[in-house]
Every structure is written in structure tokens, then in C-alpha cells.
Amino acid sequence: MRLLADECIAGMLIRLLRQSGLDVEAAAELAPGSTDEEVLRRSVETERILLTADYDFPQLIFRFGRKALAVIVVSPALSERPVEDVAATVIQRLAKPESAFAGMLTVFEKDRTRQRALPG
């Protein structure tokens, strides 16, 4: 699975995801200080699922009509757990085929996953 991790995703979480075999680019490594719009645009241009903890992205997409291929939000409640637990949860939930996330806003909450179709 090809992911683009937003700057708000902890470096340790990115390392653990990479160690599990996921293809993760990190916005903080590629272009530190990028705006949310730039990160969203990069995810579309590179055909990567955007992984974030920032609820501004759904607002950009649904309220302001920005294009997105797929966005996964790691909820604050899940993020409060130790990073190893967060990584295990994210890895387990990403075990679905990439197509299960295409065209969707997915929210990984503590005890469940929610999805909503993206516009367009």
C-alpha cells in the first residue's frame, strides 16, 4: 500500500509502518512546512493514500471541493495510545486491499473504522 503521511503523523509511527512493509512517504521528509493543500495535492499527484490525524483535510475536501483520492484519519482517541499500539491497529486495518480505501474518507477510531465516500 502506498501512503503519504502528513506532518502530524509521528516519525516513530512512520518507521513502524515502513518496517511492516508499507510504502510510506513522509511529508515532513519531503517538504517540511507544506500547507495542507500542498500535501493533499501531492497525495493525488503521486497516487498515495493520505494518512493524517488532521480533521482539516475532510473540510478541504467536503467544504471547499479539493480533490482527493483517499484519506485516512487516525482519530485523536486512537492516537492517545502508545505508538506501538497505534501502529499495530493501523497495520491491521490497512490489511484490506488498497481498493477498499479508494475514493473514501476513512477514520480509524479506537474501536472501529468509519468510511464515507469522497465527492466526485
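A salt bridge, for this tour, is a side-chain nitrogen of Lys or Arg within 4 Å of a carboxyl oxygen of Asp or Glu. By that rule the structure, which is a predicted model, holds 9 salt bridges.

**First stop: a salt bridge between β2 and a loop.** Select arginine 48 and aspartate 23, whose side chains meet in a salt bridge of 3.2 Å, N to O. The two residues are 25 places apart and link distant parts of the chain, with arginine 48 in the loop between α3 and β3 and aspartate 23 in strand β2. Arginine 48 is buried because its relative accessible area is 5%, under the 20% cut-off, whereas aspartate 23, at 33%, counts as partly exposed. Keep aspartate 23 selected and display its surroundings: leaving aside residues up to four places away in sequence, it touches Met1, Arg2, Leu3 and Arg48. If you then add Glu25 and Arg42 to Arg2, Asp23 and Arg48, you have a set that is linked in a network of salt bridges.

**Second stop: helix α3 and the turn that follows.** Move to α3 (36-45) and colour Val39, Leu40, Ser43 and Val44, which are the buried residues of this helix. Looking down the axis of α3, you will find that these buried residues fall within an arc of 140°, so they line one face of the helix. They pack against β1, α2 (27-30), β3, α4 (56-62) and β4 (71-74). On the same helix, select glutamate 37, which forms a salt bridge with arginine 66, the closest N and O atoms being 3.1 Å apart; this pair joins helix α3 to the loop between α4 and β4, across 29 residues. Just after α3, glutamate 47 takes a positive phi of about 55°. Most residues other than glycine have a negative phi. Glutamate 47 is exposed, with a relative accessible area of 56%.

**Third stop: aspartate 6.** Which side chain of opposite charge is nearest to aspartate 6, a buried residue without a salt bridge? The nearest one is arginine 42, and it is 11 Å away. Aspartate 6 itself lies in the loop between β1 (2-5) and α1 (11-19), and its contacts, not counting residues up to four places away in sequence, are Ala27, Val39, Leu50, Leu51, Thr52, Asp54 and Phe57.

**Fourth stop: helix α1.** Continue to α1 and select Leu13, Ile14, Leu16 and Leu17, the buried residues of this helix. Seen down the axis of α1, they fall within an arc of 165°, so they line one face of the helix. Their packing partners are β1, β2, β3 and α6 (83-93). Just after α1, glycine 21 takes a positive phi of about 105°.

**Last stop: rings and charges.** The count of aromatic pairs comes to 1, and you can show it by selecting phenylalanine 101 and phenylalanine 108, which are arranged edge-to-face at 6.4 Å centre to centre, with 80° between the planes. Phenylalanine 101 is buried at a relative accessible area of 2%, and phenylalanine 108 is buried at 0%. Next, select glutamate 109, which forms a salt bridge with arginine 112, the closest N and O atoms being 2.6 Å apart; glutamate 109 is buried, with a relative accessible area of 18%, while arginine 112, at 47%, counts as partly exposed. Finish with arginine 116, which lies over the face of phenylalanine 62, at 3.9 Å from the ring centre.

Key
Residues numbered from 1 in each chain as written. Predicted model: local features only at pLDDT ≥ 70, side-chain atom pairs only at ≥ 80, totals over all residues. Heavy atoms only, no water. Helix = DSSP H or I, 4+ residues; strand = E, 2+ residues; numbered from the N terminus. Buried < 20%, exposed > 50% of the residue type's maximum accessible area, 1.4 Å probe, protein only. Phe/Tyr/Trp six-rings, centres within 6.5 Å; stacked < 30°, edge-to-face > 60°. Lys NZ or Arg CZ within 6 Å of the ring centre and 35° of its normal. Lys, Arg positive; Asp, Glu negative; His and termini not counted. Contact = heavy atoms within 4.5 Å. Arc of directions from axis to C-beta.
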